[in-house]
Amino acid sequence: MELEHRTYWAIKKFNFDLKEAGTVRKLQLNELEELRNESYENARIYKERTKLYHDKSILRKEFQPGMKVLLYESRLRLFPGKLKSRWVGPFKVLEVFPHGAMEIENIKNDTRFKVNGQRLKHFFASYEGYGLQ
């Protein structure tokens with residue numbers, strides 16, 4: 001009882017209005033929530049901008065049947081030559097599937113296989129002097 005009495009007199013001494021303190025605290029919580037929402041919005045805007053920048057720099061490659069392409073050889077080599085190209089070919093595109101895969105054919109020995117379209121690039125006649133196999 002004595003402790004309650006002391007706190008009551010302390011509140012009265014400092015002229016502490018509980019309703020006003022409650023409204024101030026609610027305002028502080030609302031400000032904190034607004035800052036939080038603003039930071040989420042800024043993060044979303046940043047993410048959208050970086051995605052647009054990244055997507056702008058991606059080169060779209062379109063392949064049609066009959067085109068000549070080079071294939072990226074991604075197998076691990078223990079002693080790769082520094083100046084040796086990892087692009088092999090040329091290959092001929094036989095079929096383009098809707099999900100990005102391609103069926104290609106080796107021009108030299110008529111072997112056919114499916115590969116991911118991201119491992120291919122266009123073949124131009126100027127590549128022939130670069131030691132491609």
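## Overall organisation

Among the contacts in the protein chain between residues at least 6 apart in sequence, 47% join residues at least 24 apart. The model is a predicted one, and its protein chain has 2 helices and 5 strands, which follow one another along the sequence in the pattern α-α-β-β-β-β-β. Of the 133 residues in the protein chain, buried residues make up 17%.

## The nonpolar core

The largest nonpolar core consists of 10 residues, namely Phe63, Val69, Leu71, Val88, Phe91, Val93, Met102, Ile104, Val115 and Leu120. Strand S1 (68-72), strand S2 (87-96) and strand S3 (101-106) are the elements that give two or more residues to this core, and S2 gives the most, with 3 residues. In soluble globular proteins, nonpolar side chains tend to be buried together.

Phe63, a member of this core, is found in the loop between helix H2 (18-57) and S1. Phe63 counts as buried because its relative accessible area is 7%, which is under the 20% limit. Not counting residues up to four places away in sequence, Phe63 touches Val69, Val96, Met102, Gly117, Leu120, Lys121 and His122. For one of these partners, Val96, the separation from Phe63 is 33 residues in sequence, whereas the C-alpha atoms of the two lie 7.3 Å apart in space.

Met102, placed in strand S3, also belongs to the core, and with 6% relative accessibility Met102 counts as buried. Leaving aside its neighbours within four places in sequence, Met102 is in contact with ten residues that can be named in full: Phe63, Val93, Glu95, Val96, Phe97, Phe113, Lys114, Val115, Gly117 and Leu120. Met102 and Phe113 are 11 residues apart in sequence, with 8.3 Å from C-alpha to C-alpha. Val93, another residue of the core, has contacts beyond four places in sequence with Gln64, Pro65, Gly66, Met67, Val69, Met102, Glu103 and Ile104.

## Aromatic pairs and a charge over a ring

A search of the whole structure finds 2 aromatic pairs. Tyr72 and Trp87 form an edge-to-face pair, with 5.2 Å from centre to centre and 65° between the planes; this pair links distant parts of the chain, since Tyr72 lies in strand S1 and Trp87 in strand S2, 15 residues apart. Tyr72 counts as partly exposed, at 30% relative accessibility.

Phe91 and Phe113 likewise form an edge-to-face pair, with 5.8 Å between centres and 80° between the planes. Here Phe91 in strand S2 is joined with Phe113 in strand S4 (residues 112-116), 22 residues along the chain. Phe91 is buried, with a relative accessible area of 6%, whereas Phe113 counts as partly exposed at 29% relative accessibility. Elsewhere, Lys121 lies over the face of Trp87, at 4.5 Å from the ring centre.

## A buried acidic residue

Glu103 has its place in strand S3, and although Glu103 is buried, it has no salt bridge. The nearest side chain of opposite charge, that of Arg112, is 4.3 Å away, and this pair is not counted as a salt bridge because the limit is 4 Å. Not counting residues up to four places away in sequence, Glu103 touches Lys92, Val93, Leu94, Glu95, Phe97, Arg112, Phe113 and Lys114.

## Salt bridges in helix H2

A search of the whole structure finds 4 salt bridges. Side chains of opposite charge can pair when their charged atoms come close. One of the bridges joins Glu33 with Arg36, the closest N and O atoms being 3.8 Å apart; both residues lie in helix H2, 3 residues apart, about one turn of the helix. Glu33 is partly exposed, with a relative accessible area of 37%, and Arg36 is partly exposed as well, at 46%.

Glu41, Arg44 and Glu48 are linked in a network of salt bridges. Within this network, the closest N and O atoms of Glu41 and Arg44 are 2.3 Å apart, while the side chains of Arg44 and Glu48 meet at 2.6 Å, N to O. Arg44 and Glu48 both lie in helix H2, 4 residues apart, about one turn of the helix. Relative accessibility is 36% for Glu41, 38% for Arg44 and 43% for Glu48, and Glu48 therefore counts as partly exposed.

## A positive phi angle

Asp110 has a positive phi of about 55° although it is not a glycine. Asp110 is placed in the loop between S3 and S4 and counts as exposed, at 54% relative accessibility.

Note on methods:
Residues are numbered from 1 along each chain as its sequence is written. This is a predicted model: local features need pLDDT of at least 70, side-chain atom pairs count only at pLDDT 80 or more; totals for chains, interfaces and linings use all residues. Side-chain values use heavy atoms; hydrogens and water are left out. A nonpolar core is a set of buried Ala, Val, Leu, Ile, Met, Phe, Trp, Tyr and Cys residues joined through side-chain atoms within 4.5 Å. Buried means under 20% relative accessible area, exposed over 50%, partly exposed in between (1.4 Å probe, protein chains only). Contact means heavy atoms within 4.5 Å. Rings of Phe, Tyr and Trp (its six-membered ring) pair if their centres lie within 6.5 Å; planes under 30 degrees apart count as stacked, over 60 as edge-to-face and the rest as tilted. A charge sits over a ring if NZ of Lys or CZ of Arg is within 6 Å of the ring centre and within 35 degrees of the ring normal. Lys and Arg count as positive and Asp and Glu as negative; His and the chain ends are not counted.
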